[in-house]
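Let's take a walk through this model together, starting in the middle and working outwards. Keep the viewer open as you read.

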Amino acid sequence: MPIDRFGELPDSLLIHILSFLNVKEAAITSVLSKRWESLWAELPRLEFRAEMARMDSPGDSGSIQKMRDFVCWVNRALAVRTVNYLENFDVSFLYHKCFSSDVDAWVQFAANNKVKKLNLHIYCWDDFYTPPEAMYSCPSLTTLHVKGCIMDFKRTVEWQSLTDLHLHVVFVDQRLLDEILTSCPVLYTLFLQRCRGFNRLEVNSGSRLHRLSIEDCEYKDDAPSLKISAPSIHSLKVVLPMWGRKLQLGNISSLVIADIDYEGFSWDSSAVDVMSGARELLESVNHVKELCVGLQFIKIVSMMAVTGWQLPQSMRKILIVASEYKYSIGIIDLLESSPNLESLVIVGCAIAGEDFILEPGVEDDLACDLLHLKTIRVRNFSGSTSEPMLTLARILLKRATTLEEMVITTDVKDLSDFTEMVQAMLTYPRSSAKAVVRLIK
């Protein structure tokens with residue numbers, strides 16, 4: 001007689017094994033035997049994700065029926081739960097306002113079961129979902145991700161255990177945001193991605209907030225500035241609309257890592273305002289140890305270099321740049337404003353349909369030596385843009401007097417092109433006798 005190895009295992013271990021399956025797969029195991037009938041109902045993590053790619057629009061009758069089937073499935077799954085503990089509750093589906101009471105019940109269920117991690121991703125065309133009071137009165141929450149909602153709550157937030165808050169395409173008014181920043185004593189990470197309803201973030205000096213990430217979506221240039229004062233944060237990421245409202249950074253004295261970029265790009269006479277804003281932003285973060293700049297930002301810096309703007313000097317030791325290599329003049333300007341730089345990373349990238357081309361040969365050298373630069377990493381280098389990259393490599397080898405290692409990772413397909421690159425690199429003089437150069441194909 002075959003031995004039932006699974007039957008010898010305790011329920012706790014079987015439930016742990018089932019937790020690696022999604023809810024529907026786990027529910028199928030209920031047909032195995034009477035013992036398995038209710039095991040899946042004790043899963044500590046529940047994930048419900050609708051296949052939205054197969055739906056047209058929320059008003060379409062077929063989509064409504066698919067949504068209704070999904071909502072009914074979630075309701076049935078929750079109805080058979082046999083425990084009052086929930087580690088993770090994750091719902092992602094295309095929303096219609098006719099299901100608001102169902103979603104309210106799901107949130108209430110999660111709160112009643114002392115959920116720790118709640119992911120509520122609502123995709124909608126017209127009607128945004130407004131979560132119930134239960135979401136705000138959930139002291140067990142440690143992580144909350146909300147997408148596609150209107151957060152409207154007039155009383156005190158009870159998120160005593162919340163460490164991570166991610167809001168994406170959410171309307172959150174100023175009063176509630178202020179309440180969150182003052183009533184979440186252990187909040188560590190705050191992400192605000194394409195959210196509206198506020199124009200300031202004021203974090204008190206005793207806050208534990210460590211990471212702040214904002215992708216702004218206010219495109220009206222006459223809108224009130226977005227003001228941030230957060231003396232406790234160590235990491236800040238901001239993505240701003242090119243022609244949107246201005247960013248004003250106040251007290252960010254503890255900031256160690258800054259990641260900045262813009263969204264959208266075009267070149268016309270009004271770009272002077274954009275360059276002025278970019279320079280002010282660089283001045284605000286000139287004390288950070290690590291600076292990461294995105295492709296759109298490096299384009300602006302390159303325009304500033306071409307038109308004679310001077311970048312503020314900085315204390316940064318690590319510089320990470322996402323750039324097409326034709327914008328090497330912007331990289332050079334950042335290097336000249338980084339006298340203490342120890343590590344440089346350049347991540348090559350390209351965007352189809354690029355319409356802004358810098359004048360060739362604008363700069364072929366740095367105005368100063370890089371006395372502390374020890375490591376250089378160049379990633380995703382394409383052979384089709386070898387000349388700007390090779391020129392930059394030659395400049396770096398000449399000016400980095402204490403360089404220890406330069407590593408260039410290339411996606412060059414043709415062996416002869418790669419050989420030409422290697423031969424060119426071998427001819428470049430090095431000011432550091434310890435410098436080791438590696439080209440990886």
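When I say that two residues touch, or are in contact, I mean that they have heavy atoms within 4.5 Å. With that in hand, look up Phe89: leaving out residues up to four places away in sequence, Phe89 touches Leu46, Phe48, Leu78, Trp106, Ala110, Val115, Lys117, Leu118 and Asn119. Phe89 is also one of the residues with the most contacts inside the largest nonpolar core, and Phe48, Phe93, Trp106, Trp159 and Leu201 are listed with it. That core has 127 residues, and its largest share, eight residues, comes from helix H3 (residues 61–79).

Before going further, a word on trust. This is a predicted model, with a mean pLDDT of 85 for the protein and 82% of the residues at 70 or more. Among the elements, strand E13 (residues 290–293) has the highest mean pLDDT, 98, and helix H1 (residues 11–18) has the lowest, 59. Over residues 355–362 the pLDDT stays under 50, and the model has 14 contacts there beyond four places in sequence. Where pLDDT is low, the predicted coordinates should not be read in detail.

Now for the charged pairs. Side chains of opposite charge can pair when their charged atoms come close. A search of the whole structure turns up 18 salt bridges. Take Arg196 and Glu218, whose side chains meet at 3.6 Å, N to O. Arg196 sits in the loop between strand E6 (189–193) and strand E7 (200–202), while Glu218 is in the loop between strand E8 (211–215) and strand E9 (226–229), so this pair ties together parts 22 residues apart in sequence. Is each partner buried or partly exposed? Arg196 has a relative accessible area of 40%, so it counts as partly exposed, whereas Glu218 is buried because its value is 18% and the cut-off for buried is under 20%.

The loop between E8 and E9 also holds Asp216, which forms a salt bridge with Arg245, the closest N and O atoms being 2.8 Å apart. Arg245 lies in the loop between strand E10 (235–241) and strand E11 (247–249), 29 residues from Asp216. Both Arg245 and Asp216 are buried.

Further along the chain, Glu405 pairs with Arg438, with 2.1 Å between the closest N and O atoms. Here the link runs from strand E17 (residues 405–410) to strand E18 (residues 436–440), and the two residues are 33 apart. Asp365, Asp369, Lys398 and Arg399 go beyond a simple pair: salt bridges with shared partners join them into one network.

On the surface, Phe128, Ile150 and Phe171 form a nonpolar patch with about 240 Å² of accessible area together. Ile150 belongs to strand E4 (residues 143–151) and is partly exposed at 31% relative accessible area.

A few backbone spots round off the tour. Which phi values stand out as positive in residues other than glycine? Lys114 has phi near 55 degrees and lies in the loop between helix H4 (100–112) and strand E3 (117–123). Val169, with phi near 50 degrees, is in strand E5 (residues 164–172). Lys114 is partly exposed at 47%, and Val169 is partly exposed at 29%.

Finally, find Ser337 in the loop between helix H9 (328–336) and strand E15 (343–348). Ser337 is buried, with a relative accessible area of 2%. Beyond its neighbours within four places in sequence, Ser337 is in contact with Leu311, Pro312, Gln313, Ser314 and Arg316.

Definitions and conventions
Residues are numbered from 1 along each chain as its sequence is written. This is a predicted model: local features need pLDDT of at least 70, side-chain atom pairs count only at pLDDT 80 or more; totals for chains, interfaces and linings use all residues. Side-chain values use heavy atoms; hydrogens and water are left out. pLDDT is the predictor's confidence in each residue, from 0 to 100. Helices (H or I, at least four residues) and strands (E, at least two) are DSSP runs, numbered from the N terminus. Buried means under 20% relative accessible area, exposed over 50%, partly exposed in between (1.4 Å probe, protein chains only). Patches are made of residues with over 30% relative accessible area and no salt bridge: like charges are joined within 9 Å, nonpolar side chains (Val, Leu, Ile, Met, Phe, Trp, Tyr) within 5 Å. Accessible areas come from the Shrake-Rupley method with a 1.4 Å probe; for residues, only the protein chains shown count as cover. A salt bridge is a side-chain nitrogen of Lys or Arg within 4 Å of a carboxyl oxygen of Asp or Glu. A nonpolar core is a set of buried Ala, Val, Leu, Ile, Met, Phe, Trp, Tyr and Cys residues joined through side-chain atoms within 4.5 Å.
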